[in-house]
Amino acid sequence: MEFHPIFWIYSLIQWVLDKFLSPTPPLPKASLGRPRIAVIGAGLTGVSSASHCVGHGFDVTIFEAGNEKCIGGIWSKVNNTSGLQIHSIMYRFHPSVKWTAGYPDRQQIVSQITQLWKRYGLQERTKFNTQVHSVRQDKYGRWIINNDPSFGHFDGVLAAVGTCGDPKMPRMPNQEAFKGEIFHSSKLDGKTAAGKKVIIVGGGASAVEALEFVVHTDATSTSVLARSDKWIIPRNAFVDVLLALNIFGQETIFSWIPETLLKRFFYRDLEDLAPTSNGLFTETPMVNSDIFHQIRAHKAEWLRGDIIRFTEEGMRFRQRAKGVPKGGPGREIEVKADMVIMATGYERPSLAFLPDECFQEDYQPPKWYLQVFPPEHMSVCCNNCTYVNAIGTVGNYHIGIYTRLLLMFLVDPLARPQEYWMKRWIDMTSYLKARAPTGAFDFFTYAELIYWFVFCIAINPFRWKWAPFVFLGVGDALPKVVVSREDRIRNGLGMKVKRYE
């Protein structure tokens, strides 16, 4: 095998992270302590969160609606040709993950999730084919799943249902008249576009993946029909990290700088495809460096406009000029096709199983504490379920940080946030981002997310002892000893303490 110094350094970094930051897996059949956590969903986030819990000695039960083939969540359902659009160094959903490629494919991602699930002995702690439709508290404040006490009583709930559920397949006018094939972009395994004229409906990340599939299977022509313009950024870890470092989490007076640089050095002659009304820090950008090459090579075309209806040989399309809003006037054309790929995304999974009080009028997701804790229930964490748009990654260190924050709240009474102060933090963040083009919580960057974490720990001195544990997953023994002594003091003063032993 040829020696690659950069990959050797990357492998060394991964080894160090695993060696020093991975919690120790529990022994087989080990009896774990409280608090006990119910994890809803066995996708990337659910498996990662559960492994952090058991690695720190806390018991969990994972509830998964599907069977064992659903381990990995959305990654278990997409095409084999799908893979990471961002560099894997930004997709470290657990310290023990070991990537063998900068941009791993679906098989490697699912393999890493499955290995993590087995490494931490989560097989015996996972209940498959168990759809969660109700999460309620008993009179002692313990959580009961589906009103069935036989599942156990839980001290905390970690919802990890993600943001991508079933494929979204809209019905379009005159669709039955089309003589060609129609597929959702997630159902392309075993299909080929060789020698075919292809239409891709949609202009998001699913469309980019579909375009890669079509081009590499030698389609005759490819037309991407997009209703709106979205920012496209390079598939470059350095550039992506720089953009994620905007700690304000919104458009600023300096946003024109990265936008201008992208147009000049990345879009270049295709600047017409760059958005004019939406700034870079308003919605999740697409990450791809190949798409413009395919357009310049005349292997694909990117058309902005509105679909009117299907025809026998393709689609009738109203092509709009740059800056004309959705539904506006334009030139009507017919786009020919033998195959139509609906890159229309996925339905968002519901959080309706949570208690109604989690959805107060002024404090509904994503307007929750740190975006994931409903103010009415600090013992509930909806990890990677509530975000709308961001520049960063859904599969990185924040999964462990959110999980350990939940554990800290449950173990340490003095570290727990009160509903009043959780709401004040939400109000403060809304005020600070009042001028954001989006809602205060509808867009954020990874740097802003880290600021939220630091603020959460710094604002309460009783949380300081937990900082190494929360941020790095180390040093949990010392804060537990301190909490035990604090409990004894409070008990001596006649103060009631909720314990989990």
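# Worked exercises: sheet, rings and cores

S9 and S12 run parallel and are joined by 4 bridges. Strands here are DSSP runs of E with at least two residues, helices are runs of H or I with at least four, and both are numbered from the N terminus. Two strands count as paired if DSSP finds at least two bridges between them.

This is a predicted model, where local features need pLDDT of at least 70 and side-chain atom pairs count only at pLDDT 80 or more, while totals for chains, interfaces and linings use all residues. Residues are numbered from 1 along each chain as its sequence is written, and side-chain values use heavy atoms, with hydrogens and water left out.

**Exercise 1. Work out the order of the strands in the open sheet and which strands sit at its edges.**

Step 1: Walk across the sheet. The 7 strands come in the order S7-S15-S8-S9-S12-S13-S14, with mixed pairing.

Step 2: Look for strands that pair on one side only. Those are S7 (181–184) and S14 (331–336), the edge strands.

Step 3: Add the twist. From one strand to the next, it averages 35°; axes are lines fitted to C-alpha atoms (for helices, over the stretch in contact), and angles run from 0 to 180 degrees between N-to-C directions.

Step 4: Put a helix on it. Helix H4 (residues 205–216) lies across S8 (197–201), S9 (221–226) and S15 (339–342), and runs at about 170° to S8.

**Exercise 2. Find the bridge partners of Ala226 and Asp306, and say how S12 and S13 pair.**

Step 1: Start with Ala226. Its bridge partner in S12 is Arg304.

Step 2: Move on to the next pair of strands. S12 (residues 301–311) and S13 (residues 314–319) are antiparallel over 6 bridges, and they make a hairpin with 2 residues between them.

Step 3: Read off the partners in S13. Asp306 bridges to Arg318, and Arg309 stands opposite Arg316.

Background: strands of a sheet pair through backbone hydrogen bonds, either parallel or antiparallel.

**Exercise 3. Classify the ring pair Phe63 and Phe154: which kind is it, and are the two residues buried or exposed?**

Step 1: Get the rule. Rings of Phe, Tyr and Trp (its six-membered ring) pair if their centres lie within 6.5 Å; planes under 30 degrees apart are stacked, over 60 edge-to-face and the rest tilted. That gives 25 aromatic pairs.

Step 2: Apply it. The Phe63 and Phe154 centres are 5.9 Å apart with planes at 80°, so this pair is edge-to-face.

Step 3: Locate the partners. Phe63 is in strand S2 (residues 58–63) and Phe154 is in the loop between S5 (143–145) and S6 (156–159), so the pair links parts of the chain 91 residues apart.

Step 4: Check burial: buried means under 20% relative accessible area, exposed over 50%, and partly exposed in between (1.4 Å probe, protein chains only). Phe63 comes out buried at 1%, and Phe154 is buried at 0%.

Step 5: Try another pair. Tyr420 and Trp421 are edge-to-face too, at 5.0 Å centre to centre and 85° between planes; Trp421 is exposed at 59%.

Step 6: Look over the Tyr420 ring. The charged end of Arg424 sits there, 4.6 Å from the ring centre; the test is NZ of Lys or CZ of Arg within 6 Å of the centre and within 35 degrees of the ring normal.

**Exercise 4. Find which residues touch the most other members of the largest nonpolar core, and which helix gives the most to it.**

Step 1: Define the core: buried Ala, Val, Leu, Ile, Met, Phe, Trp, Tyr and Cys residues joined through side-chain atoms within 4.5 Å.

Step 2: Rank the members. Among 109 residues, Ile200, Phe373, Tyr402 and Leu405 touch the most others.

Step 3: Pick the helix. H8 (residues 398–411) gives the most, with 10 residues.

Step 4: Zoom in on Phe373. Leaving aside neighbours within four places in sequence, its contacts (heavy atoms within 4.5 Å) include Tyr402, Leu405 and Phe409. Phe373, Tyr402 and Phe409 also belong to one aromatic cluster, along with members including Trp425 and Trp452.

Step 5: Don't forget the other one. A second, separate core has 19 residues, including Phe151 and Trp368.
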